[in-house]
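Dear colleague,

I am handing over the structure we spoke of, and you will find the sequence and the coordinates just below. Please have them open while you read the notes that come after.

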Amino acid sequence: MVSILADIGGTNIRFATLNGGGKVGAVEAWLTALYPDFQTALKSYLELTGAPRPEAVALCAAGPLIRGRIKMTNCPWQLSQEALAQDLKTRVLLLNDFVALAHAVPTLGADDLRHWGGGAPDPNGQKLILGPGTGLGVAGLAPAGEDAWKVMGGEGGHVSLSPQNPREIALLYQLQQMFGHVSLERVLSGPGLENLMLAIAAIDGVAFKEKPRAEDIEILAQKGDPVAQEAMSQFAAWLGAAAGDAALTLGATGGVYVAGGIVPQWGAKFDTALFRHRFENKGRMRDYLAPVPTALVTAKDLAFRGLARALQS
């Protein structure tokens, strides 16, 4: 028998099959905006791949899971576990996207990670995973016995942005003119990188012929554009600060893992030293965070791993 796995983001939806032996295959990635709802996208995937009627469907989506429903944050789709099960006439498991990623954290090995500092993880400590993509996801794991973990979801990407120096205060003020409340996701995401560049340009009196796109900002930075360079640097600084705040809140001495669609693409262009500095720069709690390891997740199948583990648990 075959199950279907689906990772639904604000920009892309990724499908895969999962056979009885735990092997993932038939991976497809499409633009979410091409489909009016999940059922239509799933029907197209089944027709394209010729996959049989699934015995189960496990899907994760970028948005808060409340009473078995997800209203996606950066996409008009609304998902209901109960309604999908009735419609598809099969077992359905619906998870928040970063809850799915958190389920996969225990599977990570040395080849899946690029370490960014700190020491060895506390084997009895909680773990944190966060990452910017179309939005900013955050989830945690707590030890629950031998080789077992309790996954904790939340909406940590929507907590308030915290400036720590005069330049950041000025940026926050500019962003408040744009959005009112400024959450982490307003700067730590693909659209957030664009927001950062616009805010920096507004403060410095720089005009653009058209709104910068996230995928172009890295290129502009490489060409020496000072606004793009500061936007990328500020992104790394605020991501490190946010990761440190979340690690303190959760008590994530077991490690902090950075995932998402943006940072892995930057590679060496991401300022890991600045990230780590801001991660540890918490005053009296610096010594608490200094040994906590931080790492970039380089595995590309994390959501599918997590969905498969959740489906089989």
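What follows is an account of the strands, the salt bridges, one helix residue and the enclosed space. Please keep in mind throughout that this is a predicted model.

Strands

I begin with strand β1, which covers residues 2-8; seven of its seven residues are buried, so the strand is largely enclosed by the rest of the structure. Its side chains fall into two sets, with Val2, Ile4, Ala6 and Ile8 pointing one way and Ser3, Leu5 and Asp7 the other way, and the residues of both sets are buried.

Strand β1 has two partners that you may wish to display together with it. With strand β2 (residues 12-19) it runs antiparallel, and seven bridges join the two; they form a hairpin in which three residues lie between the strands. Within this pairing, valine 2 has asparagine 19 as its bridge partner in β2, while alanine 6 is matched with phenylalanine 15. With strand β4 (residues 56-61), by contrast, β1 runs parallel, and here six bridges make the connection, with serine 3 standing opposite alanine 56.

Strand β2 in turn is joined by six bridges to strand β3 (residues 24-31), and this pairing is antiparallel. Arginine 14 of that pairing finds its bridge partner in alanine 29 of β3. The hairpin of β2 and β3 has four residues between the strands, and glycine 22 in that hairpin takes a positive phi near 85°.

A further group of strands forms an open sheet of three in the order β5-β6-β7, with antiparallel pairing. The edge strands of this sheet are β5 (65-66) and β7 (78-80), each of which pairs on one side only. Between β6 (residues 69-71) and β7 there are three bridges, again in the antiparallel sense, and arginine 69 stands opposite serine 80 in β7.

Salt bridges

Side chains of opposite charge can pair when their charged atoms come close. How many salt bridges does a search of the whole structure find? The search returns twelve, and I describe three of them here.

In one of them, arginine 167 pairs with glutamate 230, and the closest N and O atoms are 2.8 Å apart. Since arginine 167 belongs to helix α4 (residues 166-179) and glutamate 230 to helix α7 (residues 226-250), the pair ties together parts that are 63 residues apart in sequence. Arginine 167 is partly exposed at a relative accessible area of 28%, and glutamate 230 is also partly exposed, with a value of 21%.

Another salt bridge joins arginine 276 to glutamate 280, with 2.7 Å between the closest N and O atoms. Both residues lie in helix α9 (residues 272-280), where they are four residues apart, about one turn of the helix. Are these two partners buried or exposed? Arginine 276 is buried, with a relative accessible area of 8%, and glutamate 280 counts as buried too, at 18% relative accessibility, because the cut-off for buried is under 20%.

The third that I single out is between aspartate 301 and arginine 305, where the closest N and O atoms are 3.0 Å apart. Salt bridges with shared partners join Asp112, Asp301 and Arg305 into one network. Aspartate 301 is itself partly exposed, its relative accessible area being 33%.

A residue in helix α5

Methionine 197 has its place in helix α5 (residues 190-204), and it is buried with a relative accessible area of 0%. Leaving aside residues up to four places away in sequence, methionine 197 touches Phe208, Pro212, Ile217, Leu220, Asp225, Val227, Ala228 and Ala231. As a reference for distance across the model, methionine 197 and arginine 53 are 47 Å apart in space, C-alpha to C-alpha, and 144 residues apart in sequence.

Enclosed space

The count of cavities of 30 Å³ or more comes to one, and about 50 Å³ of space lies in the largest cavity. Which residues line the largest cavity? The lining is made of Leu161, Ser162, Gln164, Leu184, Trp238, Ala241, Ala242, Asp245 and Lys282, and these residues divide into five nonpolar, two polar and two charged.

With kind regards

Methods: Residues are numbered from 1 along each chain as its sequence is written. This is a predicted model: local features need pLDDT of at least 70, side-chain atom pairs count only at pLDDT 80 or more; totals for chains, interfaces and linings use all residues. Side-chain values use heavy atoms; hydrogens and water are left out. On a 1 Å grid over the protein atoms alone, a cavity is a set of points where a 1.4 Å probe fits but cannot get out, and a pocket is an open set with protein on both sides within 12 Å along at least five of seven lines; lining residues have an atom within 4 Å of a point. Grid points are joined across faces, edges and corners, and a volume is the space filled by probe spheres set on the points. Ala, Val, Leu, Ile, Met, Phe, Trp, Tyr, Cys and Pro count as nonpolar, Asp, Glu, Lys and Arg as charged, and the others, Gly among them, as polar. Buried means under 20% relative accessible area, exposed over 50%, partly exposed in between (1.4 Å probe, protein chains only). Two strands pair if DSSP finds at least two bridges between them. A salt bridge is a side-chain nitrogen of Lys or Arg within 4 Å of a carboxyl oxygen of Asp or Glu. Contact means heavy atoms within 4.5 Å.
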